[in-house]
Structures are given as structure tokens and as C-alpha cells.
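This report looks at a ligand site and at the enclosed space inside a protein.

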Amino acid sequence: MRTVYMDHSATTPVRPEVVEAMLPYFTEQFGNASSVHHLGQRARAAVDEARDIVAAHLNARPEEIVFTSGGTESDNHAIRGVAAAGRGRHVITSAVEHHAVLNTCKALEKEGFEVTVLPVDENGLVDPQELRGALRPGTVLVSIMMANNEVGTIQPIRELAEVTAESGAVFHTDAVQAAGKMPVDVEELGVDLLSLSAHKFYGPKGVGVLYIRAGTRIRPMQVGGHHEHGRRAGTENVPGIVGMARALELACAEMDEEAQRLKRLREHLQKGLTGRLEDVQLNGHPEQRLPHLLNLTFAYVEGESMLLSLDAVGVCVSTGSACTSGTLEPSHVLTAMGVRPELAHGSLRFSLGRMNTEDDVEYVLEKFPPIVRRLREMSPTTREASA
Amino acid sequence: MYSDKVMEHFTDPQNVGEIENPDGVGQVGNPTCGDVMRITIKVEDGHIADIKFKTLGCAAAIATSSITTEMAKGKSLEEAMEITRKRVAEELGGLPPQKMHCSNLAAEGLHKAIEDYRAKHPQPAGGQTSD
Ligand SMILES: Cc1ncc(COP(=O)(O)O)c(C=O)c1O
């Protein structure tokens, strides 16, 4: 059966060039980057080179790059590390963050911190004025994501970081979904902390970055040896780090062209589906949105039954986010955007990527509308009934 | 995630639709939770002569609806009242724990349809009465 993978916001395959770059560091060049002998030194050189590459692509300095085990660790480190080092007890975040941020903030709340969760508008945007109103003398950290993983809405990070800087609080952004899809320049953005995860841009799983602007008050969260200048203990994942740097380099080199291509494919998919089916609604900002992501609500049907029916014809998508798929709660992102629960249950996320072609889009346009029609025929709720 | 039996009933559900002029109707769930189920029945000689369902919901909701109608068809009303969520789940080879509650409503839908029938067709003394 044909497989059409349209779930690139969940994860991506590792590019062959990336695998090739990684391979020697599993076998011949297996050294521990902390070892003094030549094998250790070669591993050290590989990690240093990767650090230079990552720094250059973020417009950061190499010493501001900390390698981690992925987006979740980077988010945890940023939030908990600043909370532990700060002089206040107040943290601000938004209602549409990934659970790696939201649940870390919730955990802080249990430990006695005060957490303000900023609302978003119907497109999923945080209002900088709203942030200004929430900042106060005890605010130590503001964490707002660069681009949302469920609907793709891109936040005005520069403005949000500026407002935060005026108050003296630290600004963190989760750029896990943005990296490789749009420019991520820490100077341009004016952020203090920024999270990346390699497996979202055709790198390996289990490796990521926390950018820490020089001078930021932050404590290490994982303690042990002197790795990463004492900021993150643990023997470096050399192949993973090398692979991530290579993947980021490739993604950035191809970004402009690939973003345009993905946007065209997405528009085709969006127009095709809204043209063929009634009662379809776009979730997320109409323009200020990641180029590869399309989140649609199909009224009178439930997301999982659409997902599994698509899977039966080889098409991989997700409902809201991979994490949400295991629960019965409607997506917190859609709910925060004011989407009614019965509509939130009927949402599906298509996230396109490198291997997708016009042909794939045509395949989905052929296979999907009959699925929705079949499920709607089976559904006791109709447009008339809910009018 | 799902057993083969669940996937079988999800991809090829039995007794989908709505009986015209049904003898009993049972609707359960609500769209806010993502699951709504409507069961319609035709009763002859105290037995379920025909049964159909319409369901908005996940694969578990559709599969439980489908198998419940199969289990109930031809049964006496008393026997059909004994079909429980637990038996429905067992018949499907189990359900993921988070699906046991909201998405496993078909048995209730069936009971409601039978109660609806009984309310509309009060039996003479000694027979079945609605409760
Ligand atoms: C916005 C966002 N933040 C964080 C994460 C977590 O990253 P990781 O899977 O590397 O832990 C993800 C991916 O699931 C994400 O989409």
C-alpha cells in the first residue's frame, strides 16, 4: 500500500546525508568527548564543530549553545532553570504552549510559583499588550512559543521579547516547530532562551538545543560532570549532535525554496478539501502560519475516526497533536482559540514535508472526501440538528 | 491501540442507519464530549426484530455501536437489557482504558431505546412495565 506521510510536525525521517554524517561516530569515532586521548579529542572536535554550525545558524555564539536530549528537556531546563535562579516567584506563559512548557509551569505552580497563562485570540495569537499588563516586579520568566505545533500560528516574538526586556524578566521561546521552516535569529528576535529539537527538521530523535544568551540567570537542571561548561551534565550524544548540526545546515540552506514549495502544496490541499466538502473550517492564523501546516475542522465527524480511516488508505496525519491523540479531551490549543468543543473534536492536522508531492496531495483529495461523507452519513448530528 | 475486532467493526460497521417509524429510540452522549449515539429499534413479539445505529465518535464509539446492535438483534427485550458495557468490551476483545467510559455508550443507548419502547407500549398487568 502507498504511504503518504503528512505528519511532519510530529516527527520527520532522518535525511540520508544526516545519517551518513552520524555513522562514523557510532563506530570508529566512538570516543567520549571528555577523554584526553586522540579518540576523545576527535569526538570533542566533532561536538565543537557542530556547536559552531548550530550557533552560526541561530546567529548566536558557540558558548551560548547547550546540547540537550530534545525539545522537552530544553523547555524544562529553560523554565525550571530560570525559576530556580530568579529573584521572583511569577512566571508567564500562553494557553497554546506545548505540554513540555505548560506542564512544567504547572509543576512550578505546585511548588509555590504563581503562573499567568495568557489567552490567545481566535487565530491563536498572544497580544503583546496583554503581556505588558501581566508583567510585574516579581516576574522572572516569560515563555511563549515561536510557532504552534497544532495550528502553526506564528507569534510576534520580537515584540513579546521587547516588552519582556523592559521589565527585566527573562524571555524563552520554544522554536521547536519553527526551526528549519522560517528564519530563527536570536538577535533579531531578542530572546534570552530558545529551544530546538532535531527530529522536527530531519535530524535524529533525542537531541536538541537550548540557546542561553550570555549573562542569563539560569541554573543547570541536570548536574554531574563538567559537560557543556557545567550547564548540562552527561556524556555528549556525539552522533546525535553531529547529525543535528548537519540537519539544521541542510534545512536552512533549502529553507526559502522549500517553504515556498510546501506552501503551494498546502494551499492546493486546503482549497481542494474546502472545495470538495462542506462545513470545513481552518484553524490557525490565515497568513501568519507555518508554511507546511494545515489544521482543519470537519463538522459532524470525530477526529480519530477520520485519522484511522485515512491510515487505512496509507495517509498519516494527526488529530491536533500526537500527545492529544491518546485522550478524550479536545485540544487545549483549539479550546483556547475559542473553537467549540464539538468542533475541536472534529479537527485534523496535515503537516507536509520534504517527500510530499503534488501527487500526494491529489491522492488525499481523492481518498479523503469520501471518508468524511461516509462518517457524516453515520453521524446522528447534522447541520440541521445543530442549527 | 485497538483490537482487530474493533478495527473490523470500525471499518465495516453493521446495522448503520435509522429505522423509519421506530418502536423505540435511545440517544446518549453529547457532542461536547465528542461522542453521540442514536439507536432505533423495531420490536416484534417482545423481541428486537430490527436495530440500527448512528454514531458520531471515535473508532471505539463506532465499533461498540456496531457490535451492540449485532448482540441485540433477535434477542428478547429482557435479554437485551442484560447487555452491558463490560460485555460489549469483552465481545470486542477489550478496549483501551481511556475509551471504556465515554466511547462505550452503546449498551446505554440500547437500554434507553427499550425503555422508550416500554414507555410507549405499557403492558397489561403481569407483563413488562416501564420503570
Ligand atoms: C512545540 C514543541 N515543543 C516541544 C516538543 C518536544 O520536543 P521533543 O520531542 O524533542 O522532546 C515538541 C514536539 O513534540 C513540540 O512540537
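A polar contact is here a pair of N or O atoms within 3.5 Å. The model is predicted, and by this cut-off His199(A) makes such a contact with the ligand: a polar atom of its side chain lies 2.9 Å from a ligand oxygen atom. Two other side chains have N or O atoms at comparable positions in the list below.

| Side chain | Ligand atom | Distance |
|---|---|---|
| Thr72(A) | oxygen | 2.6 Å |
| Gln177(A) | oxygen | 2.7 Å |
| His199(A) | oxygen | 2.9 Å |

On its own the ligand has 400 Å² of accessible area, and the protein covers 85% of it.

The ligand is surrounded by 13 residues, and the closest are Thr72(A), Asp174(A), Gln177(A), Ser197(A) and Lys200(A). Sorted by class, this shell holds eight polar, three charged and two nonpolar residues. Helix α3 of chain A, residues 71-85, supplies three residues, the largest share of the shell.

The second topic is internal space. Three cavities of 30 Å³ or more occur in the structure, and the largest cavity contains about 150 Å³ of space. Its lining is made up of 14 residues; Gly180(A), Lys181(A), Tyr202(A), Ala251(A) and Glu258(A) lie nearest the centre. Eight of the lining residues are nonpolar, five are charged and one is polar.

Where does the largest cavity lie with respect to domain 1 and domain 2 of chain A? Domain 1 (4-11 + 255-386) and domain 2 (16-250) both contribute residues to the lining, so the cavity lies between them.

Methods: Residues are numbered from 1 along each chain as its sequence is written. Chains are lettered from A and ligands numbered from 1 in the order in which they are written. This is a predicted model: local features need pLDDT of at least 70, side-chain atom pairs count only at pLDDT 80 or more; totals for chains, interfaces and linings use all residues. Side-chain values use heavy atoms; hydrogens and water are left out. A residue is near a molecule or strand if one of its heavy atoms lies within 4 Å of it. A polar contact is a pair of N or O atoms within 3.5 Å; within protein, one must be able to donate a hydrogen and the other to accept it, and residues adjacent in sequence count only if both atoms are side-chain atoms. Accessible areas come from the Shrake-Rupley method with a 1.4 Å probe; for residues, only the protein chains shown count as cover. Helices (H or I, at least four residues) and strands (E, at least two) are DSSP runs, numbered from the N terminus. Ala, Val, Leu, Ile, Met, Phe, Trp, Tyr, Cys and Pro count as nonpolar, Asp, Glu, Lys and Arg as charged, and the others, Gly among them, as polar. On a 1 Å grid over the protein atoms alone, a cavity is a set of points where a 1.4 Å probe fits but cannot get out, and a pocket is an open set with protein on both sides within 12 Å along at least five of seven lines; lining residues have an atom within 4 Å of a point. Grid points are joined across faces, edges and corners, and a volume is the space filled by probe spheres set on the points. Domain bounds come from an automatic or database domain assignment.
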